[in-house]
Amino acid sequence: INILIVDDEPKNLTVLEAVLDDPGYRLVRAETADQALLALVVDEFALLILDIRMPGMTGFELAQMIKERKKTAGVPIIFLTAYYNEDQHVLEGYGTGAVDYLHKPVNPSILRSKVAVFAELYRKSRECSLANRALLVEVTERRRVEEQLRDLNATLEQRVSERTQALTTASEALNRSEAKFRMLLDSAPDAMVVVDQRGVIVLANAQTERLFGYPSEELLGQPVELLMPTRLRERHQDHREDYLVAPSTRGMGAGLELRGLRKDASEFPIEVSLSPMVSEQGTLVSSAIRDISQRKRDEAELIAALAAAEKANQAKSEFLSHMSHELRTPLNAILGFAQLMDSSSPPPTSAQKNRIEQIVKAGWYLLELIEEVLDLAGVESGKLSLAISPMSLATVMNECQGIVQTQAETRGIGLVFPRFEAPTFVEGDVTRVKQILINLVTNAIKYNHVGGAIAVDCIAITPGWLRIRVKDNGPGLNAERLAHLFEPFNRLGQEAGVAKGTGIGLVICKRLVEMMGGNMGVESAVGEGSLFWFELRLTTTA
């Protein structure tokens with residue numbers, strides 16, 4: 001857990017580090033207000049312990065700036081002071097958004113106790129975030145279980161078919177041995193009821209007795225519809241009569257879901273499968289009746305869980321979209337006023353100019369993050385529309401090269417784009433294809449070493465598809481990082497690196513490619529660089 005301690009006296013910072021020494025804390029020192037602001041831009045903090053009396057900017061002024069920033073407004077602040085002991089000073093500290101006000105020298109036990117409270121609050125907040133991620137994982141797992149359930153049902157249906165066919169074959173071979181036939185029938189896991197062409201029960205196995213609560217002697221001679229509620233009897237009768245039109249060509253009938261009726265008048269869901277039987281009495285019909293109560297409960301629970309998860313995911317996407325739109329208005333104002341301050345008369349001092357540059361830089365970075373979050377929310381909510389049409393790949397490549405060429409030259413990186421011997425056209429959204437290609441090349445520049453090389457080319461992998469590749473000779477990625485490459489907001493340990501990023505650019509690119517009907521992938525090895533690729537459908541001229 002990150003804790004920012006701010007004091008212009010190094011020895012005071014050392015004392016705070018000694019008091020708060022704990023393996024669960026990461027203490028970040030700042031001796032000036034500027035250092036504190038920079039640290040708040042780079043990292044996320046659970047708590048800020050702030051000295052009031054500092055040169056250049058007081059702790060009150062620094063706290064006011066921190067509370068005005070959206071990203072840091074929620075960071076709790078504890079003031080420490082040896083000078084400001086009056087009530088008006090205390091009130092001023094609380095007025096700037098502080099959660100506590102302690103006088104030096106501070107009681108170590110009290111300070112540790114207060115810090116522990118805020119650290120625990122931060123942990124709980126982070127656990128909620130992790131719980132949201134776990135919910136997404138659970139949705140994925142439930143969908144996987146649903147697929148398995150369908151596979152199991154298919155396997156179960158096949159087994160029922162095989163068992164019923166086996167029973168039919170056995171009845172033909174052992175039609176003169178009722179005892180042996182009864183033994184085979186009673187061994188079936190489902191309720192087996194044999195009826196004549198009128199639908200009268202001529203035989204019922206032991207499972208039928210256990211499932212419906214009727215002794216066999218009470219069932220014999222009764223219509224099979226006795227085992228179903230009155231409202232469903234006509235439906236089952238029509239199904240059986242339709243099956244009897246040509247039983248020899250039908251084999252086993254498809255399962256019909258109905259409701260079973262026990263002797264005690266209680267109902268339960270069943271599945272009925274019909275199979276023909278030939279005997280001395282003519283054509284009979286064997287009904288395999290299965291209790292599917294548990295399957296229905298499982299299906300209902302799964303459907304409810306999927307609906308709840310989908311609703312939660314939709315709500316999350318809509319929230320991100322609305323919040324991102326709301327953030328852009330005040331951010332544009334911040335950037336505008338910062339630019340006005342930079343060009344004001346008289347011009348700002350060197351220190352002021354440095355702070356203005358920090359505001360502008362942070363503002364543009366935040367605006368970039370907002371735009372990417374909007375894209376991600378649009379993709380996930382299904383509200384992002386694409387204009388799919390044929391496009392000239394040569395034109396797209398030339399425009400993208402012009403955009404990223406200067407950035408590559410700044411870092412001394414060689415950049416090669418393909419030259420097309422013949423006109424090449426692909427299907428896609430022109431704007432989004434440019435966005436994808438620029439994102440991949442920009443990433444290759446940012447995470448490459450100075451003086452590296454990047455090559456963009458196109459190859460045909462399968463008929464009708466063109467693969468666009470971006471190859472660099474940077475540090476590369478190991479298998480563990482590759483497995484998490486397309487996770488939103490996961491920068492694979494690069495958060496403290498020089499290159500800035502949000503961790504959602506690649507996620508957006510992959511989903512955009514999939515929305516255009518293509519695929520996206522990556523190949524990488526440590527020390528050998530990375531190759532990112534995406535595929536688009538080839539087409540004729542526009």
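Biologist: Is Asp 457 buried, partly exposed or exposed?

Modeller: Asp 457 is partly exposed. Its relative accessible area is 26%. Keep in mind that this is a predicted model.

Biologist: Why does 26% land in that class?

Modeller: Buried means under 20%, and exposed means over 50%. Asp 457 has 26%, so it counts as partly exposed.

Biologist: Where is the place of Asp 457?

Modeller: Asp 457 lies in strand S14.

Biologist: Which residues is Asp 457 in contact with, leaving aside neighbours within four places in sequence?

Modeller: Pro 418, Arg 467, Ile 468 and Arg 469. With Arg 469 there is also a polar contact between the side chains, at 2.8 Å.

Biologist: And what separates the C-alpha atoms of Asp 457 and Lys 471?

Modeller: A distance of 8.4 Å. Along the chain, the two residues are 14 apart.

Biologist: New topic. How many residues has helix H13?

Modeller: H13 has 18 residues, 393-410. From first C-alpha to last, H13 reaches 26 Å. That is close to the 26 Å expected at 1.5 Å a residue.

Biologist: Where is the kink in H13 centred?

Modeller: On Val 404. The kink is about 40°.

Biologist: Which residues of H13 are buried?

Modeller: Leu 393, Val 396, Met 397, Cys 400, Gln 401, Val 404 and Ala 408. So the residue at the centre of the kink, Val 404, is on that list.

Biologist: Anything general about spacing in helices?

Modeller: An α-helix has 3.6 residues a turn, so residues three or four places apart point the same way.

Biologist: What covers the buried residues of H13?

Modeller: The cover includes helix H14 (430-446) and several strands. Among the strands are S11 (389-392), S12 (414-416) and S13 (425-428). S14 (453-460) and S15 (465-472) belong to the cover too. Asp 457, from the start of our chat, is in S14.

Biologist: What follows H13?

Modeller: Gly 412 does, and its phi is positive, near 70°.

Biologist: Now cysteines. How buried or exposed is Cys 400?

Modeller: Cys 400 is buried, at 1% relative accessibility. Cys 458 is partly exposed, at 22%.

Biologist: How many disulfides does the count come to?

Modeller: Zero.

Biologist: Last one. Is Asn 153 buried or exposed?

Modeller: Asn 153 is buried, at 17% relative accessibility. The cut-off is under 20%, so 17% qualifies. Asn 153 sits in helix H5, residues 108-173.

Biologist: Which residues is Asn 153 in contact with, again leaving aside neighbours within four places?

Modeller: Arg 295 and Glu 299.

Conventions:
Residues are numbered from 1 along each chain as its sequence is written. This is a predicted model: local features need pLDDT of at least 70, side-chain atom pairs count only at pLDDT 80 or more; totals for chains, interfaces and linings use all residues. Side-chain values use heavy atoms; hydrogens and water are left out. Helices (H or I, at least four residues) and strands (E, at least two) are DSSP runs, numbered from the N terminus. The expected span of a helix is 1.5 Å times one less than its number of residues. The bend at a residue is the angle between axes fitted to the seven residues ending there and the seven starting there. Buried means under 20% relative accessible area, exposed over 50%, partly exposed in between (1.4 Å probe, protein chains only). Contact means heavy atoms within 4.5 Å. A disulfide is a pair of cysteine sulfur atoms within 2.5 Å. A polar contact is a pair of N or O atoms within 3.5 Å; within protein, one must be able to donate a hydrogen and the other to accept it, and residues adjacent in sequence count only if both atoms are side-chain atoms.
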